[in-house]
Each structure stands twice: as structure tokens, then as C-alpha cells.
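Biologist: Before I rely on any of the labels in this model, I would like to hear what stands behind each of them. Could you show me the structure, and then take my questions in turn?

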Amino acid sequence: MAFRCRMCGTCCMYLGDYIALERRAGPYEFECESVSTGTPFLARVDEDKREIFNDASWLDEHPAACRFLRPSGEHLLCTIHETSPSQCKFYRCVAMRIYDPRGVLAGKVTGTLALHSDDKDLRRIWGAALREIPEWSADIEERLQKVLEAQGYRVE
Ligand code: SF4
Ligand code: SF4
């Protein structure tokens, strides 16, 4: 199942210290470092996000946020999506969102396959499925999805 980022920006709200801007290299280019891995990278503001990037006033109210994050309507957008470091590109805050048969969100699963849910039935089904499916299975997420769908849950 493909992870769909909702562009809420939550994961970037406190990464200001982790994506360090070292030097401005051009009007929309910055030499940066991904501090957690010590990896330098050249950030280039995406052409279609330059207008929102130009207004940095939002950062005054959110000093801990990544310097490249900007509000856009209901969303918070990464303005360097094309050149952002790989750990940003591959980050998944949620591997699965699970809805009960009424369509109500019943639980979320993080990228480490930890279920967060108050639904006792769902927790029981999830625990049993994890005991059945070897954790090294390459298709573990697809297999878990099938188990949940067989019990009437919907997985996104
Ligand atoms: S990865 Fe998750 S927390 Fe980060 S912006 Fe997307 S939906 Fe929000
Ligand atoms: S570079 Fe983009 S994805 Fe990475 S922390 Fe900053 S705003 Fe978020």
C-alpha cells in the first residue's frame, strides 16, 4: 500500500536544528547539511513554491520548524521537495491508516509496524497476525492488510 503524505507538516515542525542552512549559494539555492547524518546537500527551492518561500514570516512564530517549511492553504509544504535529503523523502509517519467497518479511523501503524489504536478487536487481530507472519517477510504489510480486510477493516 502506498504511503500518502497528508502534507500536515507535523514531522518537520521541530527539525530546524536538523536541516542546517550553511550558506546561501544563489537566490533560491542553499548549501545545507542534514545534521543527523552529517550529509551535505544543495537545497534548491522548487520553482512552483518560490512565491510561498519568499514569505518567511510564518517562521517567526515557529522558530523550531525546518527553515524550508511554509504554509499553503490548509497544508504545510516542504519548499525543497525535489532536492530534500533522502531521509525526508522516504520518511513515513504512518505506514497504514486502518478504518473500521463503519468507516471510522480505528488505528494507525507507524513505519516500524507499531499499532496505535483503542480498538480492542483490532489490537487482538493485529497481535495474532504479527505472531503468524514472519517479521522478515518482504510482503509483510500486504499480508497484514489482507488479514485486516478479511475482518472488515479498510486499510489506506
Ligand atoms: S510525513 Fe506524516 S507527519 Fe509528515 S507531513 Fe506527511 S503526513 Fe504529516
Ligand atoms: S527539508 Fe522539507 S521534508 Fe525535510 S524537514 Fe525540511 S521541510 Fe521537512
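Biologist: Which residue in the turn between β7 and β8 has a positive phi, and how many residues lie between the two strands?

Modeller: Bear in mind that this is a predicted model. Five residues separate β7 from β8 in this hairpin, and Leu113 in the turn has a positive phi of about 65°.

Biologist: What makes β7 and β8 (residues 115-117) a pair?

Modeller: Two strands count as paired if there are at least two bridges between them. Three bridges join β7 to β8, running antiparallel, so the pairing holds. Within it, Lys108 stands opposite His116 of β8.

Biologist: How do you know that β6 (residues 96-99) pairs with β7 (residues 105-109)?

Modeller: Four bridges join these antiparallel strands, and the requirement is at least two, so they are a pair as well. Ile98 stands opposite Gly107 in β7. This hairpin has five residues between its strands, and Gly103 in the turn has a positive phi of about 90°.

Biologist: Why are β1 (19-26) and β3 (39-44) called edge strands?

Modeller: The sheet is open, with three antiparallel strands in the order β1-β2-β3. Each of β1 and β3 pairs on one side only, which is why they are the edge strands. On average, neighbouring strands of this sheet are turned by 25° against each other, direction ignored. Six bridges hold the antiparallel pairing of β1 with β2 (residues 29-34), and Gly26 has Glu29 of β2 as its bridge partner.

Biologist: What makes the shell around ligand 2 nonpolar, with its four cysteines Cys12, Cys66, Cys78 and Cys88?

Modeller: Besides those cysteines, the shell holds Leu15, Ile19, Leu69 and Ile80. Cys, Leu and Ile count as nonpolar in this classification, so the shell divides into eight nonpolar, no polar and no charged residues.

Biologist: How is the shell around ligand 1 divided by class?

Modeller: Six of its residues are nonpolar, two polar and one charged. The surrounding residues include Arg6, Gly9 and Thr10; Arg counts as charged, and Gly is put among the polar residues.

Biologist: How do you know that the protein chain is not simply a compact globule?

Modeller: For 156 residues a compact globule would have a radius of gyration near 15 Å, whereas the protein chain has 19 Å, so the chain departs from that rule. Along its principal axes, the C-alpha trace spans about 55 × 30 × 25 Å.

Definitions and conventions: Residues numbered from 1 in each chain as written. Chains lettered and ligands numbered in written order. Predicted model: local features only at pLDDT ≥ 70, side-chain atom pairs only at ≥ 80, totals over all residues. Heavy atoms only, no water. Near = heavy atom within 4 Å. Axes fitted to C-alpha atoms, helices over the stretch in contact; angles between N-to-C directions. Rg over C-alpha atoms; globule rule 2.2 N^0.38 Å.
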